[in-house]
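Here are a few short exercises to work through with the structure open in your viewer. Try each one before reading its solution.

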Amino acid sequence: MTEKLLTTEEAAERLNITPRHVRRLVFERRIAYCKVGRYVRFHPDDLAEYVAAHRIEVPRPSSGRLRSVGGRR
């Protein structure tokens, strides 16, 4: 293991969320973490995997024209 494990605060900074939200993700078992004694730590690859798993792709229109909304053209 060559990469440094991250603290809750460091993980929150990388994910651009609050440390409280990171603790909530841990409590709900929605993000991978490691326990080192009584401390919770995060591997950088696990954070990247969490982001990739929650990425939502926007569908692209097949033609060059945009469709109108509500029947108006």
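**Exercise 1.** How many salt bridges does the structure hold, and which residues do salt bridges join into one network?

*Solution.* Start with the total: this predicted model holds 4 salt bridges. Now look at Glu28. Its partner Arg24 has its closest N and O atoms 3.2 Å apart from it, and Arg30 also meets Glu28, at 2.7 Å, N to O. Shared partners thus link Arg24, Glu28 and Arg30 into one network. Next, check exposure: Arg24 is partly exposed at 45%, and so are Glu28 at 35% and Arg30 at 39%. Elsewhere, Glu10 pairs with Lys4 at 3.0 Å, N to O. Here Lys4 is exposed at 54%, while Glu10 is partly exposed at 27%.

**Exercise 2.** Work out where the buried residues of helix α1 sit around its axis.

*Solution.* First pick them out: Thr8, Ala11, Ala12 and Leu15 are buried in α1, residues 8-15. Looking down the axis, they fall within an arc of 100 degrees, so they line one face of the helix. Remember that an α-helix has 3.6 residues a turn, so residues three or four places apart point the same way. Then flip to the other side of α1, where Glu13 and Arg14 are exposed. Finally, see what the buried residues pack against: α2, β2 and α3.

**Exercise 3.** Is Tyr50 buried or exposed, and which residues does Tyr50 touch beyond four places away in sequence?

*Solution.* Find Tyr50 in helix α3, residues 44-53. Tyr50 counts as buried because its relative accessible area is 16%, under the 20% cut-off. Its contacts are Leu25, Arg30 and Ile31, leaving out residues up to four places away. Ile31 lies 19 residues from Tyr50 along the chain, yet their C-alpha atoms are separated by 6.5 Å.

Note on methods: Residues numbered from 1 in each chain as written. Predicted model: local features only at pLDDT ≥ 70, side-chain atom pairs only at ≥ 80, totals over all residues. Heavy atoms only, no water. Helix = DSSP H or I, 4+ residues; strand = E, 2+ residues; numbered from the N terminus. Buried < 20%, exposed > 50% of the residue type's maximum accessible area, 1.4 Å probe, protein only. Contact = heavy atoms within 4.5 Å. Arc of directions from axis to C-beta. Salt bridge = Lys/Arg side-chain N within 4 Å of Asp/Glu carboxyl O.
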